[in-house]
Amino acid sequence: EPTPTPTPSARLTPSPRLDSSPTNPPATPEARPVASVSPRSPSGSGADFLESWLAAPDVEGRAAHERLLQHVLELVAAGRTELAAFDRALAARPELATLYLARARVHFAREDRLRAERDLEQAKLRAGGRPWVLADLAEAWVGLGRGQRALEHINLALRAAPEEARLHVVRGNISFQLRQLGQAVAAWRRALELDPQSRDASLNLVSSLVFLSNEEGRGYGEARRYAAAYSGDFDAWRILAYACYRSDRFAEGRASAERSLAIRPSPFAYFARGICRWRLGELAPALEDLQQALDQEPLQPARLVRKNAHLFRSRILQQLGRPQQALREVDQALALDDDLSSAHALRAAVLNDLGDFARAEAAARTARRFRPGDAEAGYYLAVALQGQGKHEEALPLFDAALGDDARPTWAAKALLLRARTLARLGLLVRARADLEAVLGLEAKGPEADAARRLREELASERGE
């Protein structure tokens, strides 16, 4: 996944992931650290800045280190990724680790991973055990997707400065990237013990509770407290919006996302408002918000955000009876991540709607390969098999999909389709029982009308 250019004081920015259930909201997102520093417009040219920076009396100190990396962040944000000034500076002062780290960030912005990695290796050789250099090297390795290398560097930094809160924040972010969730939470808690005012540690800890904990009430309460403490922080309201979504507080979630957008528009906040609007039945506005999430900086949102925006748009378009558009959206999600079981299941559902049962069968089987016991994928596979006249294969899949006591939203339709399969197989008693169950779930609607028609057909065949 692409990661923004690594910078000091990394924050964790969680991004939602669709659950495979057709009714449940996303409950297990992933996250990656992104910069909490807001880039400003660079003052002066890179060459002028470097010349004055090199003339500073304590060029190897922490303040000079952070000043240069902030300047590089501003240059990259402005699209200025020239290397000549850095090359000249390194020719003059090749012993400076910070210069190698700064040039690595420019290489990263130019998508030259090989040269970025070479410069990071050179920076490590010159770091001299300084914890602030090692911490920024760790974040740079995270940006390149090299979590284990990042962990090595931050552990060296912590040996040199075990009481520095910011290093524990970075340690937590790296552990999170490596899916070492317990260690991540422990690191953020330690950071707060050392610095109770650390907003990065607070934000990351609250995010982990909201997005990863099964204690949904606790995550919501923590997010509320964080938003109250940092009411001017757009991240606080975005996270609260997700917490509301997870705990079925969709109107409050929509309002929280709007507060985040009022402070600072972001793809994540548009996404949060879109999914809350979807659950409130506001389908057209939800589609618009999800498109805004995709349009807001097309290269910036993490793939996880982008693919889920496409997935939700696909689901909404399917609800609106626009299956061709829904298919395009889910295919865009799969182009970003082919390993999404929920996307393959949704693709099977859309292809069933289009009557393309052979391709729907293939998509459903792919989804079941990722999650063998997934009831939703099993249901869509049963529909695809039935559509091809494979009733004996479809029946046990319908049985498995409907075996849970908690009825999914598609239960009435599944019961109706199973009734048709049972009737084709001559199992009329069971078919009638399913039709009565459909009418018990839906007194009105298309499934209820179809159930009554099929019940009448079965009765006429028996001469009743």
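A residue is called buried when its relative accessible area is under 20%, exposed when over 50%, and partly exposed in between (1.4 Å probe, protein chains only). Take Asn155: with a relative accessible area of 25%, Asn155 is partly exposed. Asn155 sits in helix H7, residues 147–160. Asn155 and Leu167 are 12 residues apart in sequence, and their C-alpha atoms are 8.9 Å apart in space.

A word on where this comes from. This is a predicted model, in which local features need pLDDT of at least 70 and side-chain atom pairs count only at pLDDT 80 or more, while totals for chains, interfaces and linings use all residues. Residues are numbered from 1 along each chain as its sequence is written, and side-chain values use heavy atoms, with hydrogens and water left out.

**The whole protein**

The protein has 464 residues, and 55% of them are buried. Its secondary structure comes to 24 helices and 2 strands. Helices here are DSSP runs (H or I, at least four residues), strands are DSSP runs too (E, at least two), and both are numbered from the N terminus. Now for contacts, meaning heavy atoms within 4.5 Å. Of the contacts in the protein with a separation of 6 or more, 58% are between residues 24 or more positions apart.

**Three residues to look up**

| Residue | Place | Relative accessible area | Class |
|---|---|---|---|
| Asn155 | helix H7 (147–160) | 25% | partly exposed |
| Ser256 | helix H13 (250–263) | 4% | buried |
| Ala443 | loop between helix H23 (428–441) and helix H24 (446–461) | 53% | exposed |

What does Ser256 touch? Leaving out residues up to four places away in sequence, Ser256 touches Trp237, Leu240, Ala241 and Cys244. With that same rule, Ala443 touches Ala448 and Arg452.

**Helix H6 and its partner H7**

Helix H6 runs over residues 131–143, which makes 13 residues, and at 1.5 Å a residue it should span 18 Å. The expected span is 1.5 Å times one less than the number of residues. The end C-alpha atoms of H6 are 18 Å apart, which agrees. H6 is mostly covered, with 13 of its 13 residues buried. After H6 comes Gly145, and its phi is positive, near 75°.

H6 packs with H7 at an angle of about 165°, and their axes are 8 Å apart. An axis is a line fitted to C-alpha atoms, for helices over the stretch in contact, and angles run from 0 to 180 degrees between N-to-C directions. H6 and H7 are therefore roughly antiparallel to each other. The cut-offs are simple: under 35 degrees is roughly parallel, over 145 roughly antiparallel, 65 to 115 roughly perpendicular, and the rest oblique.

On the H6 side, Pro131, Leu134, Ala135, Leu137, Ala138, Trp141 and Val142 meet Arg149, Ala150, His153, Ile154, Leu156, Ala157 and Ala160 in H7. Sorted by class, this contact has 12 nonpolar, 1 polar and 1 charged residues. Nonpolar covers Ala, Val, Leu, Ile, Met, Phe, Trp, Tyr, Cys and Pro, charged covers Asp, Glu, Lys and Arg, and the others, Gly among them, are polar.

**Helices H18 and H20**

Next come H18 (residues 341–353) and H20 (residues 375–387), which pack at an angle of about 25° with their axes 9 Å apart. That makes H18 roughly parallel to H20. Ala345, Ala348, Ala349 and Asn352 in H18 meet Glu376, Ala377, Tyr380, Val383 and Ala384 in H20. By class, the contact of H18 with H20 has 7 nonpolar, 1 polar and 1 charged residues.
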